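This report is written for a reader who is meeting the structure for the first time. Please look over the sequence and the model before reading on.

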Amino acid sequence: MSQTRPNASTAPTANGRADDALDALIIGAGFSGLYQLYSLRDRLGLSVELLEAADGVGGTWYWNRYPGARCDSESHSYCYSFSEALHQEWTWSERYPEQPEILRYLNHVADRFDLKRNIRFGTRVVAARYDAADNRWHVTTERGEHLSARFLITAVGCLSSANVPDIPGRDDFAGKWYHTGTWPREGVDFSGKRVGLIGTGSTGIQAAPVIAETAAHLTVFQRTANYSIPARNAPLTPAFQDHVREHFAEIRALMHATANGHPFAVADRSALATEPAEREAIYEAAWQKGGLQFRATFRDLLVDKAANDTAADFIRRKIRAVVKDPVKAAILTDIDHPFAAKRPPIDSFYFETFNRDNVDLVDLRAAPIERITARGVRTREAEYPLDIIVFATGFDAMTGALLGIGLTGRDGVSLREHWSAGPRTYLGLQTDGFPNLFTITGPGSPSVLCNMPVPIEQHVDWITACIAQMRARGQSRIEPTAEAVAGWVEHVNAAANATLLPQVGHSWYLGANVPGKPRVFMPYAGGMAQYREICDDVAARGYAGFVLS
Ligand code: NA7
């Protein structure tokens, strides 16, 4: 491993970089890639390059520019905590940060830590092969460049491979269509247009109210009805902004202590054991407060169906109270899964949107989409003429972007083959057969069940410490044993099965939204705090389960 500082090249390429001297390559310049670059380059002094397909930093927040795009984590917790100085100098404007503000923040971080000089933008990785002979990863980009490094670290995000459903006739559509996750930079003008929105997950629920404001008409195509809690977004008061600055350490400690990495704990009380009037008052208070904290009202909501039913019933009543048209209200409340067993959206006036004269709701359960025509969307019952179709149809989550890299491991086996029955990792961090490959927030880690910056920082810190330790011991290769992977997969399944989450057949947590994808519950549901302890323990036991040489 090279001890040189970045760019201290011995054989510079055309752009002045010594590719053959690289210690590490990172793929992806979102939250995780930026922090990983900083950690390896500035803390360990490694030579590192980061490859990014987009022409700017941001990852998820670079691509998801759809109307209403906003984070569901509260802004003061949806940020890095590794640098107190950074924390002190940045001020969030709203309770939930909007996409442009998050993108500004990530650009600020990249500039503040001078990260962009080691990022190659517009550089998509199309293949990455581990070569046992030189114990290096050899990476090929779309432009045909070749780079190699000792360590390859994927920071490609969990929700970054857009899922555009292959509905017959899509290419016949005479209007324009967009996927929310690859939204045009210049935006989309909906004025005077008839817009169809397919999908009512978190994204569709955020987008619908905003699109409805300018479109001539909006038709929402709903396949699965969804719960949603009001976000109650608002500008942050100076008093709260000061509080966040002054209580940095306590807020961070709380985020590290909770199962989901949010700055609030799950209340230690049972919904079933709470007297109905009191329970109702607790739900009402949480509803008025708004946000994901609603899920934290009782400890048994995600493990006991009867407890969950009390929350589900409360939310359905709220939806009926908002939506004036009883037919729309019936379609919106015909929810077939427990509350929060799929990722629970939060919204700004989603259900209210259905009270507008220019908004219709189509129940795809009653009449599925048959095809897209030149004019619009045709279901079994009717054709809906449209000028624009917005696909808010989600992502090939957790594995899509990873498999898209074209990774080939030590025996010439591709990751796609290796994971043909579903992803198999040790701690979500590594996979047997793929030495020196680290996957930040990979499948089998808590990732999407958390406020993402928390698992991201934990992963980056763990990987950085691991590489530092290897350097100190003169080691250059790390790979988990097949037994460790098998044990972890079993543990991930057991953790999921202790909750209601795997019971939802159509959840993207299970890969069920992508045709042909193996059904495996991918995130680790044992909680972030417990996961951190497990990872720390593995490291303390000399990286138990890994073979280092
Ligand atoms: P999601 O949560 O995967 O939601 C996608 C939505 O699109 C959901 O309502 C799907 O219905 C619907 N969908 C998907 N394919 C189709 C087809 N072929 N026809 C009709 N409807 C379809 O993605 P989001 O982008 O909203 O959210 C992803 C995450 O981003 C979110 O959880 C947060 O973590 C942030 P389904 O439920 O599958 O029946």
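## The ligand and its surroundings

How far is an oxygen atom of the ligand from a polar backbone atom of Thr 200? In this model, which is predicted, the separation between that ligand oxygen and the backbone atom of Thr 200 is 2.9 Å. An oxygen atom of the ligand also lies 3.0 Å from a polar backbone atom of Ser 202, and at Lys 342 the partner is an N or O atom of the side chain, 2.7 Å from a ligand oxygen. With the protein in place, 87% of the 770 Å² of accessible area that the ligand has on its own is covered.

The ligand is surrounded by 18 residues, of which Thr 200, Thr 203, Arg 223, Thr 224 and Lys 342 come nearest. By character, the shell divides into seven nonpolar, eight polar and three charged residues.

## Helix H5

Ser 202, whose backbone was named above as a partner of the ligand, belongs to helix H5, which takes in residues 202-214. This helix bends by about 30° at Ala 208, and a proline, Pro 209, follows within four residues.

How many of the 13 residues of H5 are buried? Ten of them are, and the helix is thus mostly covered; among the buried residues are Ser 202, Thr 203, Gly 204, Ile 205 and Gln 206, as well as Ala 208 and Pro 209. The buried residues of H5 pack against several strands, namely S9 (194-198), S10 (217-222), S12 (346-347), S13 (359-363) and S17 (388-391), and also against helix H11 (350-353).

## Two buried loop residues

Arg 95 is placed in the loop between helix H3 (84-89) and helix H4 (99-112). Is Arg 95 buried or exposed? Its relative accessible area is 13%, and Arg 95 is therefore counted as buried, the limit for that class being under 20%. The side chain of Arg 95 reaches the backbone oxygen of Lys 289 at 2.7 Å. Lys 289 also appears among the contacts of Arg 95 beyond four places in sequence, a list that includes Ser 73, Glu 74, Ser 75, Arg 232, Asn 233 and Leu 236.

His 76 is found in the loop between helix H2 (60-63) and H3. With a relative accessible area of 11%, His 76 is buried. Once residues up to four places away in sequence are set aside, His 76 touches His 87, Trp 92, Phe 240, Val 244, Ile 251 and Pro 263.

## A helix residue and a strand residue

Ser 32 is part of helix H1, which covers residues 31-43, and because its relative accessibility is 6%, Ser 32 counts as buried. Apart from neighbours within four places in sequence, Ser 32 is in contact with Ala 155, Ile 440, Ile 456 and Val 460. The C-alpha atoms of Ser 32 and Pro 435 are separated by 20 Å, while the two residues are 403 residues apart along the chain.

Ala 127 lies in strand S4, residues 125-131, and its 27% relative accessibility places Ala 127 in the partly exposed class. Leaving aside neighbours within four places in sequence, Ala 127 is in contact with His 138, Val 139, Thr 140, Ile 405 and Gly 406. Between Ala 127 and His 146, which are 19 residues apart in sequence, the distance from C-alpha to C-alpha is 9.6 Å.

Technical notes
Residues are numbered from 1 along each chain as its sequence is written. This is a predicted model: local features need pLDDT of at least 70, side-chain atom pairs count only at pLDDT 80 or more; totals for chains, interfaces and linings use all residues. Side-chain values use heavy atoms; hydrogens and water are left out. A residue is near a molecule or strand if one of its heavy atoms lies within 4 Å of it. A polar contact is a pair of N or O atoms within 3.5 Å; within protein, one must be able to donate a hydrogen and the other to accept it, and residues adjacent in sequence count only if both atoms are side-chain atoms. Accessible areas come from the Shrake-Rupley method with a 1.4 Å probe; for residues, only the protein chains shown count as cover. Ala, Val, Leu, Ile, Met, Phe, Trp, Tyr, Cys and Pro count as nonpolar, Asp, Glu, Lys and Arg as charged, and the others, Gly among them, as polar. The bend at a residue is the angle between axes fitted to the seven residues ending there and the seven starting there. Buried means under 20% relative accessible area, exposed over 50%, partly exposed in between (1.4 Å probe, protein chains only). Contact means heavy atoms within 4.5 Å.
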